[in-house]
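Thanks for coming. I have one structure to go through today, so please look at the screen while I talk.

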Amino acid sequence: MPDKQRVAILISGRGSNMMALVEMAEAYEVVLVASDKPDAAGVAWAEARGLRTFALSPRGIGKVAYEAALDAALRAAGTKTIALAGYMRLLSDDFVAKWRGRIVNIHPSLLPKYKGLDTHARAIAAGDAVAGCSVHVVTEELDGGTVLGRAEVPILPGDDADALAARVLIAEHALYPRILAEFVQR
Ligand code: GRF
C-alpha cells in the first residue's frame, strides 16, 4: 500500500467542509490546515484535533509576503494537494501556477452556473428547481477549472438563501471527501 497522499486544507471561517474532509480522510492524509484568518473557528477545531495548523493574515504584510509564507508552510508540511474549503481569498496567478493542477475547491452551485458569490440567492431569483455544489480544479479563472464532481439539491417552495445554503452544505460534506479521495487516487 503506497503512502497516502498529503493534503493541506485552506479555510477562512467555520470550516465545516474542512471538518468533513478530516473526518472522512482515508484515501489521503490531512497534513496541514491553513487559514488567512487567525481567529477562524476551524483553526481552533483543527488544533484541538492535533492537526498541524498555519494561520496568518495578509493584512499588514501584503499578498506577496503572505502567499510566500503560505507556500513555505505548505511545502514544509510535504503537501501534494491543496483543498480549498471556504477559503474566501483569491489566490494569485503566480501561486496557482506553482501548484498547477494540484488545487481543488468546493463551490456552492452547479458549475458552470453561478460562479462567484451569492450563489443561492441567484439560483432562487432565477427560478431554478435545482441547486447544488461542485468540486473543481482551481485555475486562474474564478471557479473556472475542470469540474470533478457535482451534487444536486432541490430548491423547495419558500426557500430563502439561508435555507437553501443549509441544504446544499449537507451535500457539500458528502461530495467533497468523496471527490478528493478520487482526485488523489487518479
Ligand atoms: C461553503 O458553502 C463552500 O462551498 C463555500 O463557502 C462555504 C464554506 O463553509 N465556498 P465552511 O467554512 O466549509 O463551513
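The buried residues of helix H1 pack against S1, S2, H2, S4, S5 and helix H6, which spans 161-184. Before I go on, a caution: this is a predicted model. H1 itself covers residues 16-23, and six of its eight residues are buried, so I would call the helix mostly covered, as judged by a cut-off of under 20% relative accessible area. Those buried residues are Ser16, Asn17, Met18, Ala20, Leu21 and Val22.

Next, the sheet. In what order do the seven strands of the open sheet come? The order is S3-S2-S1-S4-S5-S6-S7, with mixed pairing. The edges are taken by strand S3, residues 53-55, and strand S7, residues 147-154; each has a single partner strand, so one side of each is left without a neighbour in the sheet. From one strand to the next, the twist averages 20 degrees. Helix H2, residues 41-48, packs on this sheet and touches strand S1 (5-11), strand S2 (28-35) and S3. The direction of H2 makes about 155 degrees with that of S3.

Now two of the pairings. S1 and S2 run parallel and are joined by seven bridges. Within that pair, Val7 has Val30 in S2 as its bridge partner. S1 is also mostly covered, with six of its seven residues buried. The other pairing is S4, residues 81-84, with S5, residues 103-107; these strands run parallel too, and three bridges join them. Here the bridge partner of Leu84 is Asn105 in S5.

One residue of S2 to pick out is Leu32. Is Leu32 buried or exposed? Leu32 counts as buried, at 2% relative accessibility, because the cut-off for buried is under 20%. Leaving aside neighbours within four places in sequence, Leu32 is in contact with Val7, Ala8, Ile9, Arg52, Thr53, Phe54, Ala73, Leu74 and Ala77. Leu180 is 148 residues away from Leu32 along the chain, and their C-alpha atoms are separated by 15 Å.

On to the ligand. Which residues surround the ligand? They are Arg14, Gly15, Ser16, Asn17, Gly86, Ile106, Pro108 and Glu172. Two of these, Ser16 and Asn17, came up a moment ago among the buried residues of H1. There are three polar distances to give. The side chain of Arg14 has an N or O atom 2.5 Å from an oxygen atom of the ligand. For Gly15 the atom is a backbone N or O, and it lies 2.9 Å from a ligand oxygen. The side chain of Glu172 has an N or O atom 2.7 Å from an oxygen atom of the ligand. Taken alone, the ligand exposes 370 Å², and the protein buries 85% of that.

Pro108, from that list of surrounding residues, leads to Thr119. Thr119 lies in helix H5, residues 119-125. A polar atom of the Thr119 side chain lies 2.9 Å from the backbone oxygen of Pro108. Setting aside neighbours within four places in sequence, Thr119 is in contact with His107, Pro108, Ser109 and Tyr114. Thr119 has a relative accessible area of 4%, and is therefore buried, the limit being under 20%.

Last, the loop between S5 and H5, where the backbone needs a closer look. Most residues other than glycine have a negative phi, and most peptide bonds are trans. Where is Pro112 found? Pro112 is in this loop, between S5 and H5. The peptide bond joining Leu111 and Pro112 is cis, with omega about 15 degrees.

Tyr114 is found in the loop between S5 and H5 as well. Tyr114 is not a glycine, yet its phi is positive, about 55 degrees. Asp118 lies in the loop between S5 and H5, and its phi is near 55 degrees, again a positive value in a residue other than glycine. As for cover, Tyr114 is buried, with a relative accessible area of 17%, whereas Asp118 is exposed, at 58%. Tyr114 is also one of the contacts I listed for Thr119.

That is what I have; I will take questions now.

Technical notes: Residues numbered from 1 in each chain as written. Predicted model: local features only at pLDDT ≥ 70, side-chain atom pairs only at ≥ 80, totals over all residues. Heavy atoms only, no water. Pairing = 2+ DSSP bridges. Helix = DSSP H or I, 4+ residues; strand = E, 2+ residues; numbered from the N terminus. Axes fitted to C-alpha atoms, helices over the stretch in contact; angles between N-to-C directions. Contact = heavy atoms within 4.5 Å. Near = heavy atom within 4 Å. Polar contact = N/O pair within 3.5 Å; in protein donor to acceptor, adjacent residues only side chain to side chain. Areas by Shrake-Rupley, 256 points an atom, 1.4 Å probe, with all protein chains shown as cover. Buried < 20%, exposed > 50% of the residue type's maximum accessible area, 1.4 Å probe, protein only.
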